[in-house]
Amino acid sequence: MIITCAIIDDEPLAAGLLESYAKKTPYLSLKGTYNSAIQAMKDLRENPVQLIFLDIQMPELSGIEFAKILPKETKIIFTTAFSQYAIDGYKVNALDYLLKPVSYDDFLKSTDKALEWFSVTMKQDVYKNDRFMLVKTDYKLQRVSLDDILYIEGLKDYVRFYLKNGEKVMSLMSMKKLDEYLPKPEFMRTHRSYIVHMTEVPLIDRFRVVFGETYIPISENYKDEVQSYFDQHTLV
């Protein structure tokens, strides 16, 4: 996966250092380096990028102010010499925060985080739009339609899909990754060992999800989120 990016920093040396880092990172495609947010505004409006390395302290328009007018699809990694700005950075949903002088090791840790975020988001969009996934079973890839799933059970390093036709599909897969990829709130984690297809739930009994003779628990860790979903769909 290739991530398009831009650098905005009013310090030429800092901007040049980030530029050199971006150019030698294989999954980054640098589209522009700017010495002010005002300078970048027109270009990035006409040719948006996925990721911006954004200095916080800049004249005319600060990085925090600029971040607030960016489209929500554009992700930010803030760069600054002052650690007290970290909280402000996360208020505008920054992916990460780099403290100057930035080392290449720290730069890579941040961009790896960005790569993970974009990879997960891309998978989410694919599964949501195409409505199926291919899962590894033995030495084969089996198609599993999202509309056919009732619930998923986690079994150590494996997961088991329970389908509407009674079929059970076992696959070597991380429950955590699967939970990240499946569209929300259609699929919700109710327990560390269960993900439930919420639009297929036929019955809730004593705050357990019931599929036939199977009772799926709802643990404390997921109780509030699941309860909120049920409340939204309860006729009172």
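User: Which helix does Met 122 lie in?
Analyst: This is a predicted model, so treat everything here as computed from it. Met 122 has a relative accessible area of 43%, which falls between the 20% and 50% cut-offs, so Met 122 counts as partly exposed. As for its place in the fold, Met 122 belongs to helix α5.

User: How big is the nonpolar surface patch made by Met 1, Met 122 and Val 126?
Analyst: Met 122 can take part in a patch because its 43% is over the 30% that patch residues need. Met 1 and Val 126 join Met 122 there, and the nonpolar patch comes to about 260 Å².

User: Is Thr 111 buried or exposed?
Analyst: Thr 111 is in helix α5 too. Its relative accessible area is 0%, and anything under 20% counts as buried. So the word for Thr 111 is buried.

User: What is Thr 111 in contact with, leaving aside neighbours within four places in sequence?
Analyst: Asn 35 can be placed separately: the C-alpha atoms of Thr 111 and Asn 35 are separated by 21 Å, with their positions 76 residues apart along the chain. The contacts of Thr 111 are Thr 25, Tyr 27, Leu 28, Phe 53 and Ile 77.

User: The structure holds 11 aromatic pairs; why is the pair of Phe 53 and Phe 107 stacked?
Analyst: The ring centres of Phe 53 and Phe 107 are 5.0 Å apart, which is within the 6.5 Å limit for a pair. Their planes sit at 25°, and under 30 degrees counts as stacked. So the deciding value is the plane angle of 25°.

User: How many residues apart in sequence are the parts that Phe 53 and Phe 107 tie together?
Analyst: Both Phe 53 and Phe 107 are buried. Phe 53 comes from strand β3 (residues 51-55) and Phe 107 from helix α5 (residues 104-130), so the pair links parts whose separation in sequence is 54 residues.

User: Which residues form one aromatic cluster with Phe 53 and Phe 107?
Analyst: The stacked pair of Phe 53 and Phe 107 belongs to a cluster. Alongside those two, the cluster takes in Tyr 21 and Tyr 104.

User: How far is Arg 143 from the ring centre of Phe 132?
Analyst: There's a lysine case as well: the charged end of Lys 123 sits over the ring of Tyr 181, 5.9 Å from its centre. Arg 143 lies over the face of Phe 132, and there the distance to the ring centre is 3.9 Å.

User: Which strand is Ile 149 found in?
Analyst: Ile 149 has 0% relative accessibility, so it counts as buried. Beyond four places in sequence, what Ile 149 touches includes Val 144, Phe 161, Phe 187 and His 197. The C-alpha atoms of Ile 149 and Gly 166 are separated by 10.0 Å. The strand holding Ile 149 is β8.

User: What is omega for the peptide bond from Lys 100 to Pro 101?
Analyst: Most peptide bonds are trans. Pro 101, though, is in the loop between β5 (96-99) and α5. The bond from Lys 100 to Pro 101 is cis, with omega near -5°.

User: Is Asp 138 buried or exposed?
Analyst: Asp 138 has a positive phi of about 55° although it isn't a glycine, and its place is the loop between β6 and β7 (140-145). Its relative accessibility is 72%, over the 50% cut-off, so Asp 138 counts as exposed.

Notes
Residues numbered from 1 in each chain as written. Predicted model: local features only at pLDDT ≥ 70, side-chain atom pairs only at ≥ 80, totals over all residues. Heavy atoms only, no water. Phe/Tyr/Trp six-rings, centres within 6.5 Å; stacked < 30°, edge-to-face > 60°. Helix = DSSP H or I, 4+ residues; strand = E, 2+ residues; numbered from the N terminus. Buried < 20%, exposed > 50% of the residue type's maximum accessible area, 1.4 Å probe, protein only. Lys NZ or Arg CZ within 6 Å of the ring centre and 35° of its normal. Contact = heavy atoms within 4.5 Å. Patch = residues over 30% accessible without salt bridge, like charges linked within 9 Å, V, L, I, M, F, W, Y side chains within 5 Å. Areas by Shrake-Rupley, 256 points an atom, 1.4 Å probe, with all protein chains shown as cover. Salt bridge = Lys/Arg side-chain N within 4 Å of Asp/Glu carboxyl O.
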